[in-house]
Amino acid sequence: MSGPLNILYVTSEVVPFMKTGGLADVSEALPRALRAQGHDVRVVLPCYGTIPEDLKGVRSGPCSARFNGDSIFAAWRTARFPDSDMPVYLIEHDLYFWRDHPYGKGNTEYPDNLERFCFFCMAVLDFVPQTGWVPDVIHCHDWHTATIPAYIKTRFVDHPLWGAMPTVFTIHNLAYQGRFASSLMPKTGLGWELFTPKYVEYYGDINLMKAGITFASKLNTVSRTYAKEIQTELAGHGLEGVLRTRADDLCGIQNGVDLAVWNPTSDRRIPANFSVADQAGKRVCKEALQTRLGLDQKDVPIFSMVSRLVWDKGISALVTSLDQLLKKDIQVVLLGSGDLSFEQALLKVAQDNPGKMSVTIGYNEDLAHLIYAGSDFYMMPSRTEPCGLSQMYSMLYGTIPVVHRTGGLADTVTDATPGNLASQTATGIVFNTWSDRAFINAVNRALRLYGDASAFEQVRRTGMRRDFSWERSAREYVQLFREAVAAP
Ligand code: ADP
Ligand code: GLC
């Protein structure tokens, strides 16, 4: 098949409907990029209670799913992306999805998450035939949508539409696997015969990520380095063996950036626009950031972070290093939420350092844009990072990333070594082995770079010029979809 493809894109989050992290950004940008290349992409997500009314579109029909003999009924809605005619379908089931958060409250996952998302997957297979539109391939993302490939290869194997449907499963983060007690097996909609190590059983539990990996026609993850890392014990989170058995069907496709949203020359969320050629606006953004967060109006380097505050983001390195770092003439800005212990530790340091450090706990898209635009350095000491979008956003906004060499960070940031400075390819500071000490050393390197105005400017400008557009990656996805179609 060489013409345009019909692609059903099933995800648990997508901007501007629901966002907790990078998956939502990707789920907006990749469908748009695919559509720009002539493919008919339709996106499906759950109809969460927090989605603004004006985005919810219209109720279009009923749908249902059968689990263990019981039918569960819901509705499907048809909406559109703003400024686009691309359809977005929403599965409406208030008991499951009318909640403040998609996955859980604070750090506690909802106890019925398996039931919620297995229902979602089954409801998708029920409503799509009603639209009259027939996909060529289904593109699923992470454990929340991982049972779709499993349903297709098992209970729907004789279905006239789904029986031979190719699926592509994208792993955005292997650290979150959808692991549940075996007693919930009847709620998966999969037979007990699949509860074996070959399929969904994992150390006595159900592992939905494993179902996606086992049953999808093709697999990918979101950077080339992470695709290799997850086949090793170090980053495989126990699934490295399963991933190795599918190595021939697994590739890495690096995420891009939606330049309609993340672009300092046109971003309407920041007080002044700027570009490589005219950076005056960057100074305006820095001053606005200091004013907004109550930081001293001083010309010192600002180190920032916008992140989920969880273990794998390497937050502990920041917490342990802050005492030492704050002795220097710098300012630190942090926006995020997550583990309570990290939130409290960071808030305490900020309280002790007024005017010098600001911590905002919560989720704030406008402030995030201002932070990327108004900072000098962006800290991303992730222990593992499948791709990471923040380091790319910061580079494009002239904020130099300080990162651990892992996953997508290794693939997207070029270290400011003497050689890379000489060849004018450096875009950031990269440290090799993860430790608190290595992170502090990297910040010290950043400060030395800041002290060398011409080298600092060169690195900043090289990062701003980097091409992170989605076009190439979208083409790689199309290639993968075609491979899945050829060998479902
Ligand atoms: P991950 O998906 O693992 O969280 P990424 O770097 O891929 O990491 O994407 C994170 C996305 O979430 C970025 O768009 C970042 O700006 C955004 N983000 C994270 N925390 C917050 C927050 N507290 N407020 C606003 N945006 C946030
Ligand atoms: C996950 C990963 C992140 C990646 C994002 C989008 O949340 O943690 O590294 O950028 O998905 O693919």
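The following legends describe close-up views of a predicted model.

**View 1. Residues surrounding ligand 1 in the predicted model****.** The surroundings of ligand 1 comprise 21 residues, of which Gly-22, Arg-308, Lys-313, Gly-362 and Tyr-372 come nearest. By residue class, this shell contains eight nonpolar, eight polar and five charged residues.

**View 2. Polar contacts of ligand 1****.** Two of the contacts shown involve the protein backbone: a polar backbone atom of Gly-22 is 2.6 Å from an oxygen atom of ligand 1, and a polar backbone atom of Asn-364 is 3.0 Å from a nitrogen atom of ligand 1. A side chain also takes part, as an N or O atom of the Tyr-372 side chain is 2.7 Å from an oxygen atom of ligand 1. On its own, ligand 1 has 560 Å² of accessible area, and the protein covers 93% of this area.

**View 3. Helices, strands and domains around ligand 1****.** At least two residues of the shell are supplied by each of the helices α1 (22–36), α11 (365–374) and α12 (390–396) and by each of the strands β15 (302–309) and β16 (331–338). Strand β15 provides the largest share, with three residues. Domain 1 (6–256 + 470–486) and domain 2 (280–464) each contribute at least three residues to the shell around ligand 1.

**View 4. Residues surrounding ligand 2****.** Around ligand 2 there are 13 residues, the closest being His-172, Asn-173, Asn-255, Glu-385 and Gly-388. Six residues of this shell are nonpolar, five are polar and two are charged. Helix α1 gives the largest share of the shell, three residues. At least three residues come from each of domain 1 (6–256 + 470–486) and domain 2 (280–464).

**View 5. Polar contacts of ligand 2****.** A polar atom in the side chain of Glu-385 is 2.4 Å from an oxygen atom of ligand 2. The side chain of Asn-255 places an N or O atom 2.8 Å from an oxygen atom of ligand 2. From the backbone, an N or O atom of Cys-387 lies 3.0 Å from an oxygen atom of ligand 2. The protein covers 92% of the 310 Å² of accessible area that ligand 2 has on its own.

**View 6. The surroundings of His-39****.** His-39 belongs to the loop between α1 and β2 (40–46). This residue counts as buried because its relative accessible area is 7%, under the 20% limit. Apart from neighbours within four places in sequence, His-39 is in contact with Gly-3, Pro-4, Leu-5, Ile-7, Leu-34, Val-478 and Arg-482.

How values were computed. Residues are numbered from 1 along each chain as its sequence is written. Chains are lettered from A and ligands numbered from 1 in the order in which they are written. This is a predicted model: local features need pLDDT of at least 70, side-chain atom pairs count only at pLDDT 80 or more; totals for chains, interfaces and linings use all residues. Side-chain values use heavy atoms; hydrogens and water are left out. A residue is near a molecule or strand if one of its heavy atoms lies within 4 Å of it. A polar contact is a pair of N or O atoms within 3.5 Å; within protein, one must be able to donate a hydrogen and the other to accept it, and residues adjacent in sequence count only if both atoms are side-chain atoms. Accessible areas come from the Shrake-Rupley method with a 1.4 Å probe; for residues, only the protein chains shown count as cover. Helices (H or I, at least four residues) and strands (E, at least two) are DSSP runs, numbered from the N terminus. Ala, Val, Leu, Ile, Met, Phe, Trp, Tyr, Cys and Pro count as nonpolar, Asp, Glu, Lys and Arg as charged, and the others, Gly among them, as polar. Domain bounds come from an automatic or database domain assignment. Buried means under 20% relative accessible area, exposed over 50%, partly exposed in between (1.4 Å probe, protein chains only). Contact means heavy atoms within 4.5 Å.
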